[in-house]
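Reader: Please take a close look at how one pair of helices is packed in this model, and set that pair in the context of the whole chain.

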Amino acid sequence: MSDQKNPTVSAAHTVSSYDDELQFLVRRISEMGGIAERMVEESVAALVNSDAALSQKVISDDLLLDAGEREIYDKAVLVIAKRQPMASDLREIIGSIRIASDLERVGDLGKNIAKRVIAVHTMAQPRKLVRGLEHLAELALTQLKEVLDAFATRSPHLANSIRERDEEIDAIYTSLFRELLTYMMEDPRNITACTHLLFCAKNIERIGDHATNIAETVYYVATGEQLSADRPKDDDTASMVAPEPGAD
């Protein structure tokens with residue numbers, strides 16, 4: 001019998017408890033995704049508003065994602081041992097492990113941003129750069145939300161579209177990186193605050209990379225095929241140098 005309620009299960013198994021085990025993995029991934037989204041949103045809000053209490057909440061919430069990843073891994077290993085799944089079921093299970101790992105890393109990156117709040121909350125931060133950081137975070141969060149939708153619907157088309165847009169986040173990050181360097185060169189008093197913002201920007205750019213990782217996993221789970229290894233990238237900060245003093 002086809003399962004019309006959830007596209008993640010193409011057909012019910014003879015043993016209903018097997019379906020329950022697979023659905024458990026799906027639910028836990030969805031729960032982890034919601035926690036990861038909230039952590040990123042709250043960490044950026046804490047940074048923008050210098051909210052030390054909110055940053056501490058984000059740091060504490062990271063334990064939830066750590067526990068979720070362990071639980072999914074343990075359940076996945078148990079299902080493989082008990083059911084010896086084949087084909088699409090095996091891809092679902094392996095995909096759950098991979099996605100849980102990426103979501104746990106997203107939580108770590110949100111926690112890293114929150115930790116910076118404590119370091120910079122007494123410092124003056126250039127408003128233009130903070131707005132740039134907010135924009136970068138909005139793009140990364142959009143990627144994360146959409147890739148979780150792609151996981152819920154097993155949409156290879158949406159997953160591929162998300163992967164193709166990763167270079168947009170890279171381009172914004174590169175621009176922000178350049179501006180931060182300029183601010184530091186113009187006034188040494190900006191160096192400490194801008195350095196922390198630089199680390200935050202990199203963490204947000206990495207969140208976009210993990211969303212892209214999840215998109216690739218969703219595509220594999222849905223189709224059984226791997227996307228091309230040549231992922232679009234537009235991050236050229238590795239070759240960037242600080243502008244010369246007094247340069248236009």
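Author: In this predicted model, among contacts in the protein chain between residues at least 6 apart in sequence, 80% join residues at least 24 apart. The elements that could supply such a pair are helices, for the protein chain has seven helices and zero strands, and from the N terminus on its elements read α-α-α-α-α-α-α.

The pair chosen here is helix α3, residues 87–120, and helix α7, residues 191–223, whose axes come within 9 Å and cross at roughly 170°. Since an angle over 145 degrees counts as roughly antiparallel, α3 and α7 are therefore roughly antiparallel to each other. Sorted by class, the residues in the contact of α3 with α7 comprise 16 that are nonpolar, eight that are polar and seven that are charged.

Helix α4, residues 127–153, offers a check on helix geometry: at 1.5 Å a residue its 27 residues should span 39 Å, and the end C-alpha atoms are 39 Å apart, which agrees. Just after α4 comes R154, which takes a positive phi of about 50°.

As for the chain as a whole, 48% of its 248 residues count as buried, while the accessible surface of the protein chain comes to about 12,100 Å², with 53% of that area belonging to carbon and sulfur atoms.

Technical notes: Residues are numbered from 1 along each chain as its sequence is written. This is a predicted model: local features need pLDDT of at least 70, side-chain atom pairs count only at pLDDT 80 or more; totals for chains, interfaces and linings use all residues. Side-chain values use heavy atoms; hydrogens and water are left out. Axes are lines fitted to C-alpha atoms, for helices over the stretch in contact, and angles run from 0 to 180 degrees between N-to-C directions. Helices (H or I, at least four residues) and strands (E, at least two) are DSSP runs, numbered from the N terminus. Angles under 35 degrees count as roughly parallel, over 145 as roughly antiparallel, 65 to 115 as roughly perpendicular and the rest as oblique. Ala, Val, Leu, Ile, Met, Phe, Trp, Tyr, Cys and Pro count as nonpolar, Asp, Glu, Lys and Arg as charged, and the others, Gly among them, as polar. The expected span of a helix is 1.5 Å times one less than its number of residues. Buried means under 20% relative accessible area, exposed over 50%, partly exposed in between (1.4 Å probe, protein chains only). Contact means heavy atoms within 4.5 Å. Accessible areas come from the Shrake-Rupley method with a 1.4 Å probe; for residues, only the protein chains shown count as cover.
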